[in-house]
Amino acid sequence: MKYLLSNELRELFIDYFKEKGHKHIPSSSLIPAGDDSIMFTNAGMVQFKDYFTGISKPSFSRAVTAQKCMRAGGKHNDLENVGKTTRHHTFFEMLGNFSFGDYFKNEAINFAWDFLIDKLEIDAQKLFVTVHKKDEEGYLVWKDKIKIDEKRIYKLDDDTNFWQMGDVGPCGYSSEIFFDTGFSEWGHAECDVTCDCGRYLEVWNLVFMQFERAHNGKLSNLPKPSIDTGMGLERMARVLQNVKSNYDSDVFMPYITEIENITGIKYQDGNNLYDTAARVISDHIRTSVFLSSESIFPSNEGRGYVFRRILRRLFRYALKLNLNISNLVYIGNTVVLTMAAFYPEIRESFGIFEKIISDEFERFKGTLNSGIKLLEDEISRLKAEKIKIINGDFVFKLYDTYGFPVDLAIDAASENNLNVDLAGFEQLMQNQKNYSKQKKGKIDFTNLDLNLNPTVFVGYNELEEEAEIIGFLDEEANLLNNPENNTTGFIISDSTPFYAESGGQEGDKGIIEWQTGYFKVDKTIKTKSGVFLHHGRITDSAGFENGAVGNSCNYLHRKALFKVDEKLRKMTESNHSATHLLHAALREVLGSTSSQQGSYVDSEKLRFDFNYSKALTHEEIRKLEIIVNNFIFSNYAVEIEETEMETALHSGALHFFDEKYGDKVRIVNIGNVSKEFCGGTHVKSTGSIGFFKIISESSVASGIRRIEAVTGYNYLNTVYIQEDNLNNIIVLLNSNKADIYNKIIKLYYDYEFIEKENRELKNSNFMLKAGELCKEFKKIGKYSYLIKKLDSFTPDELKELANMIKSKYNLGILANVSDSNGINFIIILGSFYQNEKIIYIAIAEGSMDAAKIIKLMSEKLGGKGGGKKDFAQGGTSNLSKYEEFETDTEGIIKNYLK
RNA sequence: GGGGGGUUAGCUCAGAUGGCAGAGUGGCGCCUUCGCAUGGCGCAGGUCGUGGGUUCGAUUCCCAUACCCUCCA
């Protein structure tokens, strides 16, 4: 067996298959292009999916790749296993060779065997293979052509040896090659390839795509069967380096060695906490470096959320080993040193990695601290009540709501001699998962498989076109032959001038009309296979009149005129072309690293997201606007070029791989300032954009900024709105454009001054009034009371006045030594309020109860009220009681004091 | 996409079955001190995220909405 480093293995593999007529295709992004069914690229075949399904055709029939892959979210999730086994990773590389209708089983098996035996010089006695029990053809290749001992061929079932992409589409038997490491993680002495103990390592999976599964589940033979294979680089490196674990290979040892150096503890490849932590840290840092290079940022949804979970798991283990953030960055740099030769993007993005990891660490500390606080409170409560177990509800809430890791909660519990009800926790966790699953179920029309030819799009040149209606889908995606009049749904046609939403450009609106009626299109979308869906409502007079078929009407194969709303389309095109200009300007002002993160244009405005770490300054925004408007005023011609993907890639045009481009791509050239892949529609020359103005700049996620802007007429509208506002203000203040600012400044200061003066005036007025009212207290024994009705006071004013009376009266009593048998008084003030009710408040001191008095008053006055012992208020809309307010209240007080 | 939580003074956060909005810290002033650290006293600083509703009364309850955190998909 050859001893190869991982980089050598990768090279050898690619060279071998290149020699066998395969085209080396670079690894695609970790973000699958135009594929929402998976979160991350998780196998080598992902970038070739459309070739296997036949949606598009490659210009080559054999390919070889080393593909970046992730399994840490969605259907394939290995995250929790990482660090605990010898062979699970969140990020890994898959080596693969592919045949698209070219060679099949015989060659695929021979290539694999030849590579293993001849190139890697692996001892054939250590290899075992599996085939599907019904795959006689595959079995015979192994037995007769390769001449492998029958005892080494395992015939297995669907669950291990049948592969399919989804419920429908291409699928087929697979054959796997296992390597006997002679070492079982579980200490098994006797077992075989079907055992999960790690002794038999699956090193190569060959998928024979030979069937097509229909909606009814039936299989039919594919005319041109294909091959999809995958060999895990990390596993094979481990085999060739003859070590017990992927982590002991040169793929991970550089990082583990660094952890040893930092902590001063030797890595033992064991199951203890330290060794697990070292593995987790190595794996997760490597993954984080790669995710950073894909412009994925930690967030609370989708891929960003997976990234956040990986980072949090990394931090948890880093804390256990007392690693700090600069240690982690240092290890991250080692990832760059070991892997950037093959993946140069990670070197360029290292700054982003540094920022992400340190920002996220700060955030993590925040959630840790708040969690620790809650946990400490709970623990001391339990201790006080002598309870020995923290219940699952609490731990779940801590985790679910506050993001506090469960294992840390368990640690803290055991430090305090407490247990955690883990079963209860798991139950709640399961409930949440089920709940979340149930809540899915909106139809994704873009993912429909309608089994129709792609719609011919003529809308680049035509906005009106006669076309044939070939189908109608209702809102539940049922194909209706005779949709009733007034039904909403989707019209499908053989061709159309309507642009369907894609590439961040809104779909067209407009009208589809025929002799007896029309269909108002409010949006246009398309399926992944290119069938255009015009959404709207049928309005057909024939539907009402045709009694024979109720009010339904057959639209199938009817010719209709498809008319795009030209005005909206033109405005959208302005915005779209302006987006390209803005992109060019951004690269000029902020540098070429500020690349596109997404964009959306409709007829009203354009939105552009890009990565940049801080808010744009006022000056930068102005600069962008000036540059873009200069582009517009230069009236550059917009040239569209249609070309092969290959040549386009070499032309230096900007492209973004979360977009899906066909084999033929369109390149949009604007002057010599912008060149981008783009399937959207554009103005003929930049002059017709008219004008460009940024209306907002904001942040969408950390590290991503968003610019929103308007063009042409839309800007005119915002100018009008602003102008009207300004004019209204000018007229109101009887001023003019030149003076208005100074006038407002003056008014503002005047207002502040007057308000302060007013407050003081009111205060001194209240003081005076309070002083007067102080004299009106009446006495019954040691109690005194003041009852007064006042006109047009607000509740707040009553409160304030009463408080002043109280302090003045208090002062008077305290000054008067002879009256020292305790302070017991109540102040009751009432007023009209907004001419619709009587309000009254009571402030009491000593043993008088304001709330009780207010209750009694409310009974008498037919109102409601309440409060506390020292303060209460009430109200009534029974205005006629106002005249007797004082006498009534006095009666109540006298009665109360009796 | 769904669930949970949050938004109160410049900052960190309390708060009440609905009844006059608080602490710590920072800011300013004064005192203690030869001076500094410190300590003591006082002052300023609030649309209680926004908009509706219920109520005599809402920062608190209800509805909607924005933003942030978090879990699940």
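These exercises work through a predicted model of protein chain A with RNA strand B.

**Exercise 1. The RNA surface**

Task: Work out which residues come nearest to RNA strand B, and how the surface near the strand divides by class.

Solution:
- Step 1. Start with the residues around RNA strand B, which number 34. Tyr-305, Arg-308, Arg-312, Arg-363 and Ser-436 come nearest.
- Step 2. Turn to the RNA side. Of the strand B atoms that come within 4 Å of the protein, 57% belong to sugar and phosphate.
- Step 3. Sort the protein side by class. The surface near strand B has 14 charged, 14 polar and six nonpolar residues.

**Exercise 2. Side-chain contacts to the RNA**

Task: For Gln-432, Lys-837 and Lys-868, find which kind of RNA oxygen each side chain meets.

Solution:
- Step 1. Take Lys-868. An N or O atom of its side chain is 2.9 Å from a phosphate oxygen of RNA strand B.
- Step 2. Take Lys-837. Its side chain also has an N or O atom by a phosphate oxygen of strand B, at 3.1 Å.
- Step 3. Take Gln-432. Here the RNA atom is a sugar or linking oxygen, 2.9 Å from an N or O atom of the side chain.
- Step 4. Place the surface on the fold. Elements that give two or more residues to the surface near strand B include helix 9 (302-320), helix 12 (350-384), helix 15 (422-438) and strand 35 (864-867).

**Exercise 3. Strand 21 and its partners**

Task: Describe the pairing of strand 21 with strand 17 and strand 20, and decide whether strand 21 is mostly covered or open.

Solution:
- Step 1. Pair strand 21 with strand 20 (residues 517-526). The two run antiparallel and are joined by nine bridges. Phe-519 has Ile-538 of strand 21 as its bridge partner.
- Step 2. Look at the turn. Five residues separate strand 20 and strand 21 in their hairpin, and Gly-530 takes a positive phi near 95 degrees.
- Step 3. Pair strand 21 with strand 17 (residues 488-493). This pairing is antiparallel too, over four bridges. Thr-488 stands opposite Arg-537 of strand 21.
- Step 4. Check burial. Strand 21 (residues 532-540) has nine residues, and seven of them are buried, so the strand is mostly covered.

**Exercise 4. The largest nonpolar core**

Task: Find the residues with the most contacts inside the largest nonpolar core, and where the core draws its residues.

Solution:
- Step 1. The core has 117 residues. Trp-142, Trp-204, Met-236 and Ile-281 have the most contacts inside it.
- Step 2. Helix 12 gives the largest share of this core, 10 residues.
- Step 3. Domain 1 (6-251) and domain 2 (252-363) each give at least three residues to the core.
- Step 4. Add a distance for domain 2: its C-alpha centre lies 35 Å from that of domain 4.

**Exercise 5. A charged residue inside**

Task: Is Glu-234 buried or exposed, and which side chain does it contact?

Solution:
- Step 1. Locate Glu-234 in helix 6 (residues 233-240).
- Step 2. Its relative accessible area is 2%, so Glu-234 is buried.
- Step 3. Its side chain makes a polar contact with the side chain of Arg-286, at 2.9 Å.

**Exercise 6. Positive phi outside glycine**

Task: Characterise Asn-417 and Asn-486 by phi, place and accessibility.

Solution:
- Step 1. Recall the background. Most residues other than glycine have a negative phi.
- Step 2. Asn-417 has a positive phi of about 55 degrees. Its loop lies between helix 14 (406-415) and strand 13 (419-420). Asn-417 is exposed, because its relative accessible area is 59%.
- Step 3. Asn-486 has a positive phi near 75 degrees. Its loop joins strand 16 (479-480) and strand 17. Asn-486 has 46% relative accessibility, so it counts as partly exposed.

Notes
Residues numbered from 1 in each chain as written. Chains lettered and ligands numbered in written order. Predicted model: local features only at pLDDT ≥ 70, side-chain atom pairs only at ≥ 80, totals over all residues. Heavy atoms only, no water. Near = heavy atom within 4 Å. Polar contact = N/O pair within 3.5 Å; in protein donor to acceptor, adjacent residues only side chain to side chain. Nonpolar A, V, L, I, M, F, W, Y, C, P; charged D, E, K, R; others polar. Buried < 20%, exposed > 50% of the residue type's maximum accessible area, 1.4 Å probe, protein only. Pairing = 2+ DSSP bridges. Core = buried A, V, L, I, M, F, W, Y, C linked by side-chain atoms within 4.5 Å. Domains from an automatic or database assignment.
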